Amino acid sequence: MKERTAELARASELLERVFSSVDISLAYMDRDFNFIRVNRAYAERMNGAWLLCGQKPLYLFPNEENVRIFRKVIETGEPYSAMQAL
């Protein structure tokens, strides 16, 4: 049991490091489309909106394309990614 707990702690730490150190915008949401976590890059892109957690992006950024994308992610389980030209 201790080994499994230590293994989970290492995996969690690694995920946290990746999430917080990449320069691409990352957002993690639950099945009800509530933000669970956004990384620094995402928050900065949204004008420092660290308070996004617990909010629904469809209320914050309403449009039919977002609804379609989010629903497809839920239905398929496949993540969504987008590239934006600078």
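This passage walks through the fold of a small set of helices and strands in a predicted model.

Let's start with how far the prediction can be trusted. The protein has a mean pLDDT of 79, and 80% of its residues reach 70 or more. That confidence isn't spread evenly: helix H1, covering residues 2–21, gets the highest mean at 88, while helix H3, residues 57–60, gets the lowest at 64.

Next comes the overall layout. The protein is built from four helices and two strands, and reading from the N terminus, the order of the elements is α-β-β-α-α-α. Of its 86 residues, 17% count as buried. The accessible surface adds up to about 7,200 Å², with carbon and sulfur atoms supplying 57% of that. As for how the chain meets itself, take the contacts between residues at least 6 apart in sequence: 17% of these join residues at least 24 apart.

Now for the two strands. Strand E1 (residues 27–29) pairs with E2 in the antiparallel sense, and three bridges link the two. One of the pairings puts Met-29 opposite Phe-35, its bridge partner in E2. Five residues sit between the strands of this hairpin, and among them Phe-33 takes a positive phi near 65°. Arg-31 also belongs to the loop between E1 and E2. With a relative accessible area of 63%, Arg-31 is over the 50% cut-off, so it counts as exposed.

Right after E2 there's a residue with quite another setting. Asn-39 is found in the loop between strand E2 (35–38) and helix H2 (40–45). Its relative accessibility is just 1%, and because buried means under 20%, Asn-39 counts as buried. What does the side chain of Asn-39 reach at 2.9 Å? The partner is the backbone nitrogen of Leu-26. A polar atom of the Asn-39 side chain also lies 3.4 Å from the backbone oxygen of Phe-19. So the side chain of this loop residue has polar partners on the backbone of both Leu-26 and Phe-19.

Helix H4 is up next, and its length can be checked with a little arithmetic. The helix has 13 residues (64–76), and at 1.5 Å a residue it should span 18 Å; the C-alpha atoms at its ends are 18 Å apart, so the expected and modelled spans agree. Just after H4, Gly-77 takes a positive phi of about 80°.

Finally, how does H4 relate to the hairpin loop? Ile-74 is a handy place to look, as this residue sits in helix H4. Its relative accessible area is 26%, which falls between the 20% and 50% cut-offs, so Ile-74 is partly exposed. Setting aside its neighbours within four places in sequence, Ile-74 is in contact with Asp-30, Arg-31 and Phe-33. Ile-74 and Asp-32 are 42 residues apart in sequence, yet their C-alpha atoms are 9.0 Å apart in space. The pair Arg-31 and Val-73 tells a similar story: 42 residues lie along the chain from one to the other, and 9.3 Å separates their C-alpha atoms. Arg-31, then, is an exposed residue that is still in contact with Ile-74.

Technical notes:
Residues are numbered from 1 along each chain as its sequence is written. Side-chain values use heavy atoms; hydrogens and water are left out. pLDDT is the predictor's confidence in each residue, from 0 to 100. The expected span of a helix is 1.5 Å times one less than its number of residues. Buried means under 20% relative accessible area, exposed over 50%, partly exposed in between (1.4 Å probe, protein chains only). A polar contact is a pair of N or O atoms within 3.5 Å; within protein, one must be able to donate a hydrogen and the other to accept it, and residues adjacent in sequence count only if both atoms are side-chain atoms. Two strands pair if DSSP finds at least two bridges between them. Contact means heavy atoms within 4.5 Å. Accessible areas come from the Shrake-Rupley method with a 1.4 Å probe; for residues, only the protein chains shown count as cover.
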